[in-house]
Amino acid sequence: GWLLGSSVLLLILTTGCFMLMLTTILRQKKLAEVKNDFINNMTHELKTPISTVTAAIEALLHFGALKDPVKTNDYLTISQNNMHRLSDLVEKVLNLAVEEKQELELYPESINLSELVGTLVADHRVRAVKPVNFKLDIPEAATVSVDKVHFGNVLNNLIDNAINYSEEQVVVRMNYRQEQDGWQLAVADNGIGIPKVYHTVIFDRFFRVPTGNLHAVKGFGLGLAYVRQVVERHGGSIRVTSEPGKGSEFILKF
Ligand code: ADP
């Protein structure tokens with residue numbers, strides 16, 4: 001009896017240890033894979049705009065493109081777009097560094113939401129890669145208390161995603177609503193949508209929906225993690241409602 005009891009106990013203990021080791025190894029492997037993917041993505045993402053701009057400058061300086069006003073305009077436009085892309089990427093990586101250290105300092109101030117969104121939308125129009133129909137429903141008097149830089153980044157991330165994960169005839173709607181216990185802002189698109197199983201994990205760092213068009217849209221899966229962090233640091237919450245093929249709506253509540 002005693003021998004059987006202790007053997008069973010030993011067996012349970014060994015199995016337990018083994019399972020624990022296995023899950024740790026698996027978790028580390030997953031993390032290593034994720035980090036590897038991230039570095040590969042990032043290298044690729046940073047190299048592409050740099051080599052495009054380098055090629056454009058080369059064409060202008062050494063291959064006579066400067067003599068042709070149309071070509072000059074084209075190459076400069078390409079360079080400008082790529083520099084915008086590069087600066088977005090640097091911004092994202094900087095945000096990541098901030099997140100890593102967990103020291104997201106907020107400086108909330110009273111902001112006119114309609115003005116802020118107006119500026120962001122105008123910026124998007126300048127660097128637009130495809131035509132976007134913005135439908136804004138934000139009262140001119142709507143004033144909110146937020147950190148202008150981080151909150152602006154939040155909206156930029158949501159707008160970028162809305163555009164990037166939509167195929168054509170992009171419509172981005174932004175609605176503000178004053179509620180009894182606070183206010184809410186929704187950013188909605190008519191894009192590819194997100195299957196329900198991913199509605200919570202999309203806010204995890206590095207997560208990208210595998211069924212989405214991963215290769216057409218370049219990204220690190222960091223945007224929404226940053227968005228959620230900023231929103232929560234403001235005492236707010238974020239959730240998504242979405243259906244594949246119909247579109248997505250990200251709802252921020254404060
Ligand atoms: P990234 O866009 O760099 O991959 P995000 O953290 O911003 O990273 O988004 C995570 C994932 O959530 C995206 O890869 C995409 O699969 C999905 N996603 C985010 N926003 C949308 C959207 N508006 N429509 C469809 N899918 C989206």
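**Notebook: strand β7 and its surroundings**

I began with Ile238 and found that its bridge partner in β7 is Leu252. I note at the outset that this is a predicted model, and I read every entry below with that in mind.

I then looked up the pairing as a whole: β6 (residues 237-243) runs antiparallel to β7, and I count seven bridges between these two strands. Following the chain from β6 to β7, I saw that the two form a hairpin with three residues between them, and that Gly245 in the turn has a positive phi of about 85 degrees.

Next I turned to β5 (residues 182-189), which also pairs with β7 in the antiparallel sense, here over five bridges. Leu252 came up again in this pairing, since Leu185 has Leu252 as its bridge partner in β7.

I checked how covered β7 is: five of the seven residues of this strand (residues 247-253) are buried, so the rest of the structure largely encloses β7.

I went on to helix α5 (residues 223-233), where eight of the eleven residues are buried and the helix is thus mostly covered. The buried residues are Gly223, Leu224, Ala225, Tyr226, Val227, Gln229, Val230 and Val231. After α5 I found Gly235, with a positive phi near 80 degrees.

Last, I looked for nonpolar surface and found a patch of about 300 Å², made by Leu4, Val8 and Ile12. Leu4 lies in helix α1 (residues 2-62), and I entered Leu4 as exposed because its relative accessibility is 61%, against a cut-off of over 50%.

Notes: Residues numbered from 1 in each chain as written. Predicted model: local features only at pLDDT ≥ 70, side-chain atom pairs only at ≥ 80, totals over all residues. Heavy atoms only, no water. Buried < 20%, exposed > 50% of the residue type's maximum accessible area, 1.4 Å probe, protein only. Helix = DSSP H or I, 4+ residues; strand = E, 2+ residues; numbered from the N terminus. Pairing = 2+ DSSP bridges. Patch = residues over 30% accessible without salt bridge, like charges linked within 9 Å, V, L, I, M, F, W, Y side chains within 5 Å. Areas by Shrake-Rupley, 256 points an atom, 1.4 Å probe, with all protein chains shown as cover. Salt bridge = Lys/Arg side-chain N within 4 Å of Asp/Glu carboxyl O.
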